[in-house]
Amino acid sequence: MTALDIQISVEAGDWPPEDELQSFCERVLEAAADFLAREENQPLPAQAAELSLVFTDDQAIRAINAEWRGQDKATNVLSFPAFPVTPGRMPGPMLGDIVVAHETLRREAAELEKPFDAHLTHLLVHGFLHLFGYDHIEDDEAERMEGLETRILARLGLSDPYGDQPPH
């Protein structure tokens, strides 16, 4: 059974072909959904929950970030839950949108000396957790969210993206 109905839109940036992105994102996000259901008792709708992924560039994400968050700068990933959700509660049939910026992702991956796909995986998991109500504003929330990210990424064969850093 597929827990997610993932819709992809490549709007700008030097992204891989859409079919490759679709397959990649399905693998990553289905693993994240499975982890949340099994390890965190996160309920999921009986029908596949809809999720939109937008792959774009720094210029577009900067405009979105300025409009919706009041921050006039590019960022790596933005998440927009369709409905307010509390972790552990049933989400609606539409989870929401995740927007990823190519240039920022590529630059961060190089700075972190990580493969592009590994950093994209981390950002997808990070954005996905936001759609379930997880956040990192307060230290205790950040610790919980980053712990989940680390455990999900480990299931996908990736190392802890935070290492010895304090929670953000």
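**Salt bridges and two positive phi values**

Hi everyone, let's start with a pair of side chains: Glu-111 and Arg-107 form a salt bridge, and their closest N and O atoms are 3.7 Å apart. Before I go on, please keep in mind that what you have in front of you is a predicted model.

Where do these two partners sit? They are both in helix α3, four residues apart, so about one helical turn separates them. As for accessibility, Glu-111 counts as exposed, at 56%, while Arg-107 is partly exposed, with a relative accessible area of 41%.

How many salt bridges does the structure hold? There are five, and I'd like to show you two more of them.

Please find helix α1 for the next one. Here Arg-38 and Asp-34 meet through their side chains in a salt bridge, at 2.7 Å from N to O. Again the spacing is four residues within one helix, α1 this time, which means that the partners are about one helical turn apart. Arg-38 is exposed, at 58% relative accessibility, and Asp-34 is partly exposed, at 34%.

Now, a pair that reaches beyond a helix. The side chains of Arg-62 and Asp-72 make a salt bridge of 2.9 Å, N to O. This pair links distant parts of the chain: Arg-62 belongs to helix α2, residues 58–69, whereas Asp-72 is in the loop between α2 and β3 (77–81), and the two are ten residues apart. Which of these partners is exposed, and which is partly exposed? Arg-62 is the partly exposed one, with a relative accessible area of 39%; Asp-72 is exposed, at 52%.

Let me turn from side chains to the backbone. Most residues other than glycine have a negative phi. With that in mind, have a look at Asn-41, whose phi is positive, near 55 degrees. You'll find Asn-41 in the loop that runs between α1 (18–39) and β2 (49–56). Is Asn-41 buried or exposed? Asn-41 is exposed, with 62% relative accessible area.

Further along the chain there is Glu-113, and its phi is also positive and near 55 degrees. Glu-113, too, is a loop residue, placed between α3 (102–112) and α4 (116–131). Its relative accessible area is 74%, so Glu-113 counts as exposed, the cut-off being over 50%.

To wrap up, the two positive-phi residues I showed you, Asn-41 and Glu-113, both lie in loops, and both are exposed. Thanks for listening, and I'm happy to go back to any of these spots!

Conventions: Residues are numbered from 1 along each chain as its sequence is written. This is a predicted model: local features need pLDDT of at least 70, side-chain atom pairs count only at pLDDT 80 or more; totals for chains, interfaces and linings use all residues. Side-chain values use heavy atoms; hydrogens and water are left out. Buried means under 20% relative accessible area, exposed over 50%, partly exposed in between (1.4 Å probe, protein chains only). A salt bridge is a side-chain nitrogen of Lys or Arg within 4 Å of a carboxyl oxygen of Asp or Glu.
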